[in-house]
Amino acid sequence: MPATFIITLDESGPVLTVKDDALCRRDVDFFRGEGIEVLVVGYPHVAGPAWVSARDVAGGYMSVGRLEVGDVYGFFIIVVLDTTSGRVWIATDRFACYDVFVRGGGAETVISDSVEDIARRTDCLTVDVDAVAQYLCFGHFIGPRTHFEEVEKLPGATVAVGERDGLQSSRYWRFGEDPAPEGSMKVGEVVDAMEAHLGECLSLASGATVSLTGGLDSRSVLAICLPHRSRLRGFSYGGPSNRDVRTAARLCASVGVGHRRYGLGGEATACLPENAGAAARRMNGMVNFILFSHLDAVYAAESHCSDALLTGIGADLFRGYWIRGGRERPAGPAEIIPTAVRRWCRSRVPGLLKWEGPGRVMERTREDLEERARRDGEGDPGLFAEFACLRERNTNFATYIVSTAGEHLTTWDAFLFGPLQEMARGLPRADRVDRLVERTMVQRAAPLARIATVKGQAAGLERLGAAEQMRAGGFVTGDYYRKSVNWLGRRLLSREPAGHTYTVDYTDALVANRDLVRDVLDPRSMLTADLYDPAVLEENRDLMLRGCGNLVYEMTNVMCLEMWLRHIAGLTRLSM
């Protein structure tokens, strides 16, 4: 998301500056009245349903004298500047899918949705090595951390109040305060609530597009929206031979919904350096922006045919399938957090990191999550720890998909919805592990249930025949082969030769832009050179440039970190 606003707090009071070009964006609304300024970024909504405008927020604030968002859902930032009282209020949505960054300390507190703008107002930023290590291992940051010790991200479900003496914040929603007791909900009840939730979105849109893969989560969103199929379409990105793309096309064809594929060749490859730079600024360097650099063009193209985007991000929040024992109730943070952290770890280049490596990062991450569970949890600590782990993983990626799409399309997610999350905890654990909510949604659209997932698994409630599993390229022909080859590779070559299947394969684009790759990953000139073993870095860089796709994720994480720090170093002094 391009920079929208900056707030400064000092002894003279708060000042809100809204960027002129931001006022032209679809996801920005601004209102100025007597003694009040209101900025809404994103798409907040209330039951009814109805979108919440800046004028609506101003009216509510003037009637009660404070910002109240407990009954507001969706993805948003809301800012209210009360010039009469000298206060500024900032609210984030429940999952912090729109970023707000804060740099405190000194005579001035700076708040913005852009780290760039904060850097311009800061004499020096100190790189947080522990946070950067988490990024290199997981592909995202944990909790409120960023690249820099002085800058933090406001958590989700936060209302912050800024005055002359600084910023104070409180939470307006805490997961687990009043969850449905386990076993008290039925799958059909949750599915009906999901149908109503997505129906509200479609009632506000003239046309909607669904981001589709060959998996179960996005398919369940498509299934439950089929009563509105005349206003529905699907899209995918990736090569024509990609299994996810092929399966998505079959799904749409089976129910008579249009489908479009976006490739990564031609202009997308030629413009990779420019697109990655723009994505870095839009995403504040917080995730692997190279692998997301195609998104802006895709959403811009989809906006010519639809005005709303429906996603299935966050379905993991309905489940707890990584818990040891599968169907057993989690024992608590001591069991949940280490298991989740091990699953997140994406550092598969042995010897790349010079310091203590993933072991140190894993331990620090466990400490961070346990502290968050103790600080924010209400009721069952195991339940909150489970939710905290899943939220960290899902919303880090949802943030940048949602905010990028929001410039072009109203955004609505099926699973990142607080009331549904509370309801899902009332399902029997076996139903959650077996993904019965999604499977029941798909079963309501029989043609979708008869097409296997890309792993050859049944999408509905009925078993699939061997022929359909093989057609999907399932475990026998896909996963089992990959896992077997990688098992041998780890022992003989210290790497995974078969790699992992990603919906979007950037290998060819990176090979075509080898000059960019060699410049960024040159250990002689890297700002972050002290983090890596130069020989291992160069070896794996050259392997990737020879077409070794299983190194793309790890090596582009390194590239993104270096590119972002170089960019910020052009705006302020960096301390390593």
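## A tour from a loop to a helix pair

Start by selecting proline 49, which sits in the loop between strand E4 (36-46) and strand E5 (50-51); helices (H or I, at least four residues) and strands (E, at least two) are DSSP runs, numbered from the N terminus. You're looking at a predicted model, where local features need pLDDT of at least 70, side-chain atom pairs count only at pLDDT 80 or more, and totals for chains, interfaces and linings use all residues. Residues are numbered from 1 along each chain as its sequence is written, and side-chain values use heavy atoms, with hydrogens and water left out.

Stay on proline 49 and add glycine 48: the peptide bond joining them is cis, with omega about -10 degrees. Most peptide bonds are trans.

Next, pick isoleucine 78, in strand E6 (residues 73-82). Isoleucine 78 counts as buried because its relative accessibility is 1% (buried means under 20% relative accessible area, exposed over 50%, partly exposed in between, with a 1.4 Å probe and protein chains only). Leaving aside neighbours within four places in sequence, its contacts (heavy atoms within 4.5 Å) are Leu39, Val40, Val57, Leu67, Val69, Trp89, Ile90 and Ala91. Try a C-alpha distance too: proline 44 is 34 residues away along the chain, yet 8.8 Å from isoleucine 78.

E6 also takes you to the second largest cavity, supplying four residues, the largest share of its lining. To find the spot, select His45, Tyr73, Gly74, Phe75 and Leu416, which lie nearest the centre among 16 lining residues.

Now jump to asparagine 284, in the loop between helix H8 (272-282) and helix H9 (295-302). Asparagine 284 isn't a glycine, but its phi is positive, about 55 degrees. At 3% relative accessibility, this asparagine 284 counts as buried. Arginine 435 is another non-glycine with a positive phi, about 60 degrees; look for it in the loop between helix H14 (429-433) and helix H15 (436-443).

Last stop: show helix H3 (residues 129-138) with helix H22 (residues 552-569), whose axes come within 8 Å and cross at roughly 150 degrees. Axes are lines fitted to C-alpha atoms, for helices over the stretch in contact, and angles run from 0 to 180 degrees between N-to-C directions. That makes H3 roughly antiparallel to H22 (under 35 degrees is roughly parallel, over 145 roughly antiparallel, 65 to 115 roughly perpendicular and the rest oblique). Turn on side chains: Val132, Tyr135, Leu136 and Phe138 in H3 meet Tyr553, Asn557, Val558, Cys560 and Leu561 in H22.

How values were computed: On a 1 Å grid over the protein atoms alone, a cavity is a set of points where a 1.4 Å probe fits but cannot get out, and a pocket is an open set with protein on both sides within 12 Å along at least five of seven lines; lining residues have an atom within 4 Å of a point.
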